[in-house]
Amino acid sequence: MWAELLPVGRSASSGGYRRFAWNSADAECRAWFEQQARSRGLTYELDRNGNQWAWLGDPKGEGAIVTGSHLDSVPDGGAFDGPLGVVSSFAALDELRGRGAEFDKPLAIVNFGDEEGARFGVACIGSRLTSGVLGREAAYELRDADGLRLPDAMEKAGYDPTALGADEERLSRIGAFVELHVEQGRYLTEGQPVGVASAIWPHGRWRFDFHGEANHAGTTRIEDRRDPMLTFANTVLAARKKARLAGALATFGKVAVEPNGTNAIASLVRGWLDSRAADEATLTSLVTEIEQAAAERGGRDGVRVELTRESYTPVVDFDGPLRDRLAKLLDAPVLPTGAGHDAGILASVIPTAMLFVRNPTGVSHSPAEHAEEADCLAGVTALADVLEDLACH
């Protein structure tokens, strides 16, 4: 399974992956998921939000145990973030069948769509829609870099976007969701190769628009310039400093410039801030301080600054009894994470837990992302143990 997925959407130049929602690489990943489901005799299903499901047992049954993750990527992302969870889910089912496990609850494997938000700017779109966190009207307004709306992209890819929206009936039949994921950090450097998540830091995405004045780079005096690039650059540095002082995280990882000419002073710079902290008060205070620093510098540069919050996820505490049950079952350490996941979105509506597989470098969202084969196999066994405990008698 791993070998089949490795070439899909991989860039020859960077070695990273460009599996964005509803593009050709995403279509290949989806076809792979459907093939894996049908080859195992599972019931394949596409829900109203484009998420893929593979069912063992009655899809309409109560108390279902669900596992899985996502198959899309960030721009030039690594091979493990998302796909490891999906591949491990199928492998765990294979292991349970090999054990002769007898299921007394329905079991499902899911591939949530557009988890990374690389194309439309909002993370976890599939699970946000399903849980009602993202409404249909708001989803219809999402556009990619080319101005194509989300529903139009879905329709172009052969999917029906007219039914997008909350899926309470489906969620009411799920007893628990367990997501396995490669670790994004280095807590598991020694000892156990598998850990259990305790919580997800609150996090969000904010767009800063720096409005200046376009002019000639070779003829405009320094004192006559209203250069938004200066304000943006100062804001990036301010964000780094203020995050460090707050014990939090702030990253400008995406920028767009107009008119984007080498010999032109920009008229507009858009910078996207990703910020995370251990608690919501710290995060709110940090973003406010960054906004104030941007406005103060903008005043000196003759640049107007606008801030738009594009997405936000509050602190997520995973279901306590389920978390403790898994940690005891696996004799595994419990650790927090600053990364968002579909499990974090679903945690507000169903009991949810996460397993992390050791990442020796801690690098993620990069082609250098890695997990050793032995640790991945340990993750499969751990997931199989968990599913057996939850779904079998």
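Modeller: Let us begin with a term: helices and strands here are DSSP runs, numbered from the N terminus. In this predicted model, the chain has twelve helices and 15 strands.

Colleague: Thanks! What does the radius of gyration say about the chain as a whole?

Modeller: It is compared with what a compact globule of this length would have. For 393 residues that value would be near 21 Å, and the chain has 22 Å, which agrees. Along the principal axes, the C-alpha atoms fill a box of roughly 80 × 45 × 40 Å.

Colleague: How much of the chain counts as buried?

Modeller: Of the 393 residues, 52% count as buried. As for the outside, the accessible surface comes to about 16700 Å², and carbon and sulfur atoms hold 50% of that.

Colleague: What share of the contacts links residues 24 or more positions apart?

Modeller: Taking contacts with a separation of 6 or more, 76% are between residues 24 or more positions apart. Ala-327 is a nice example to look at. Its place is in helix 10, and it counts as buried because its relative accessibility is 12%, where the cut-off for buried is under 20%.

Colleague: Which residues does Ala-327 touch, leaving out those up to four places away in sequence?

Modeller: Ala-327 touches Val-196, Ala-332 and Val-334. You can also compare Ala-327 with Ser-198: they are 129 residues apart along the chain, and their C-alpha atoms are separated by 9.9 Å.

Colleague: And how should I read the charges? How many positive and negative side chains are there?

Modeller: The general idea is that side chains of opposite charge can pair when their charged atoms come close. In this chain there are 40 positive and 58 negative side chains, with the centres of the two sets 5 Å apart. To count a salt bridge, we ask for a side-chain nitrogen of Lys or Arg within 4 Å of a carboxyl oxygen of Asp or Glu. By this rule, the count is 26 salt bridges.

Colleague: Where could I find one to look at?

Modeller: Try helix 2, residues 24–39, which holds both Asp-26 and Arg-30. These two form a salt bridge, with their closest N and O atoms 3.1 Å apart. They sit four residues apart, about one turn of the helix.

Colleague: Is that pair buried or exposed?

Modeller: Asp-26 is buried, and Arg-30 is buried too. Now set beside it a pair in helix 3, residues 83–99: Glu-95 and Arg-99, again four residues apart, about one turn of the helix. Their closest N and O atoms are 2.6 Å apart in a salt bridge. Glu-95 counts as partly exposed because its relative accessibility is 24%, and Arg-99 counts as partly exposed at 34%.

Colleague: Which residues are joined into one network by salt bridges that share partners?

Modeller: Arg-207, Asp-209, Glu-258, Arg-270 and Glu-310 are joined in that way. Glu-258 is worth a second look, since a cis peptide bond joins Glu-258 and Pro-259, with omega about 0°. Pro-259 lies in the loop between strand 9 (249–258) and strand 10 (264–265).

Colleague: Which residues have a positive phi although they are not glycines?

Modeller: Two to look at are Asp-114, with a phi of about 50°, and Asp-331, also with a phi of about 50°. You will find Asp-114 in the loop between strand 4 (107–112) and helix 4 (125–131). Asp-331 is in the loop between helix 10 (320–330) and strand 14 (334–337).

Colleague: Are Asp-114 and Asp-331 buried or exposed?

Modeller: Asp-114 is buried, with a relative accessible area of 6%, whereas Asp-331 is exposed, with 61%.

Colleague: Could we finish with a pair of residues to find across the model?

Modeller: Happily! Glu-141 lies in the loop between helix 5 (136–140) and helix 6 (150–156). Glu-141 is exposed, with a relative accessible area of 54%. Its partner for this exercise is Asp-324, which counts as partly exposed at 43% relative accessibility. Asp-324 forms a salt bridge with Arg-323, the closest N and O atoms being 3.1 Å apart.

Colleague: How far apart are the C-alpha atoms of Glu-141 and Asp-324?

Modeller: They are separated by 40 Å, and the two residues are 183 residues apart along the chain.

How values were computed
Residues are numbered from 1 along each chain as its sequence is written. This is a predicted model: local features need pLDDT of at least 70, side-chain atom pairs count only at pLDDT 80 or more; totals for chains, interfaces and linings use all residues. Side-chain values use heavy atoms; hydrogens and water are left out. Helices (H or I, at least four residues) and strands (E, at least two) are DSSP runs, numbered from the N terminus. The radius of gyration is taken over C-alpha atoms; the globule rule is 2.2 Å times the number of residues to the power 0.38. Buried means under 20% relative accessible area, exposed over 50%, partly exposed in between (1.4 Å probe, protein chains only). Contact means heavy atoms within 4.5 Å. Accessible areas come from the Shrake-Rupley method with a 1.4 Å probe; for residues, only the protein chains shown count as cover. Lys and Arg count as positive and Asp and Glu as negative; His and the chain ends are not counted. The place of a charge is taken as NZ of Lys, CZ of Arg, CG of Asp or CD of Glu.
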